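The following account leads the reader through one protein model and its bound ligand. It begins with the ligand, passes to a further pocket, and ends with the overall fold.

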Amino acid sequence: MKTILITGASTGIGRATAARFQSAGWNVVATMRKPEDAGDLARLDRVRVLPLDVTDCDSIAAAVQATVTEFGSLDVLLNNAGYGLAGPLEAATPAQIERQFATNVYGPIYTMQACLPHFRTQKAGLIINLTSIGGRLALPFNSLYHGTKFGLEGISESLALELAPLGVQVKLVEPGGVRTDFAGRSLDFAKKDGLTAYDASLQGAMSVFMDPERGSDYSEPATIAETIFEAATDGKPQLRYLAGKDAVRMMENRAQMSDEAYRDWVVKEFRL
Ligand SMILES: NC(=O)c1ccc[n+]([C@@H]2O[C@H](COP(=O)([O-])OP(=O)(O)OC[C@H]3O[C@@H](n4cnc5c(N)ncnc54)[C@H](OP(=O)(O)O)[C@@H]3O)[C@@H](O)[C@H]2O)c1
């Protein structure tokens, strides 16, 4: 029986993925900052809820060790925990910037480092890093979030090469928009008193981001969980998996545009 460890499994994509793998007969280590948030998930067979904050290396080490002790092996790591920081770069505080990179970039790095000794010993293992189409194209007023996801893409692409000879695979799952707490409870926003220079373009962009029509083709978390399950089980040497119809459409459109044509499209589309 195979075992997956998931970070950020309290809500959204992480929670839906825990349910998807559990229903397929896997052992699921559903980690979260507050295990009391697990609710029904904790009562399912073969699901172990463990505390793990990706900014706390001791909690990462303890969860990985507990997984191997309880289930005898670890087959798949899903680095899912993450959140967005929006707003003008100039307005972001050092604490906001540090937390964004600590969670979305350093967290996955430290979690991979904790799992790799086990994967090397097994001569097998799969790391799935959840990035975003925002790791391959950029929209305005999300520079720091894009920085984290572009960063994790580059780390993953290089790491896939260095781990392949050891029998360990790295894959990327890249969703478009997903109906989760991402744009609500989880979103951080940078603003600075007296900084008004961005008001007009920020207002234009935010009116587009918040337009309910825009979310009409967003995916449900279960759709992204399905793509993650496919990536974990298809046995293919594939690096990237787009997740969601909007993600496929956006990337197809982007591939047909030069950088300049894409920039001009964004300026118009986001009323900058
Ligand atoms: N929703 C989208 O449109 C979208 C699109 C592309 C990519 N993504 C990516 O998908 C991933 C999951 O997001 P989601 O959409 O499912 O949003 P979500 O429902 O807000 O889930 C985010 C999860 O990350 C956890 N988390 C945040 N900081 C953490 C930390 N320091 N340690 C451990 N867990 C932490 C949250 O835990 P708490 O419950 O404790 O806050 C929560 O479980 C993120 O990496 C996000 O960037 C989302």
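In this predicted model, an oxygen atom of the ligand is placed 2.8 Å from an N or O atom in the side chain of Arg33. Two further residues offer polar side-chain atoms to ligand oxygen. For Thr11, the separation between such an atom and an oxygen atom of the ligand is 2.9 Å. For Arg185, the corresponding distance to an oxygen atom of the ligand is 3.0 Å. The protein buries 96% of the 890 Å² that the ligand exposes when taken alone.

The surroundings of the ligand may next be considered as a whole. They comprise 28 residues, among which Ser10, Arg33, Tyr145, Thr180 and Ser186 come nearest. Arg33 therefore appears in two roles, since a residue counts as near the ligand if one of its heavy atoms lies within 4 Å of it: Arg33 is one of the nearest residues, and its side chain has an N or O atom 2.8 Å from a ligand oxygen. Two helices, H1 (12-23) and H4 (143-163), each contribute at least two residues to this shell. In terms of residue class, the shell holds 14 polar, nine nonpolar and five charged residues.

Attention now turns to another open space in the protein. The second largest pocket encloses about 210 Å³ of space. Its lining consists of 14 residues, and those nearest its centre are Lys2, Gly125, Leu126, Gln169 and Ala232. Two or more lining residues come from each of strand S6 (125-130), strand S7 (168-175) and helix H6 (221-233). Which element gives the most to this lining? Helix H6 does, with three residues. The lining of the second largest pocket is divided by class into five nonpolar, five polar and four charged residues.

These local features belong to a fold that can be described in a few terms. The protein contains eight helices and nine strands. Its radius of gyration is 19 Å, close to the 19 Å that the globule rule gives for 272 residues, so the protein is as compact as a globular protein of that length. The C-alpha trace extends over about 55 × 40 × 30 Å along its principal axes.

Note on methods: Residues numbered from 1 in each chain as written. Predicted model: local features only at pLDDT ≥ 70, side-chain atom pairs only at ≥ 80, totals over all residues. Heavy atoms only, no water. Polar contact = N/O pair within 3.5 Å; in protein donor to acceptor, adjacent residues only side chain to side chain. Areas by Shrake-Rupley, 256 points an atom, 1.4 Å probe, with all protein chains shown as cover. Helix = DSSP H or I, 4+ residues; strand = E, 2+ residues; numbered from the N terminus. Nonpolar A, V, L, I, M, F, W, Y, C, P; charged D, E, K, R; others polar. 1 Å grid on protein atoms, 1.4 Å probe; cavity = no way out; pocket = protein on both sides within 12 Å on 5 of 7 lines; lining within 4 Å. Points joined across faces, edges and corners; volume = space filled by probe spheres on them. Rg over C-alpha atoms; globule rule 2.2 N^0.38 Å.
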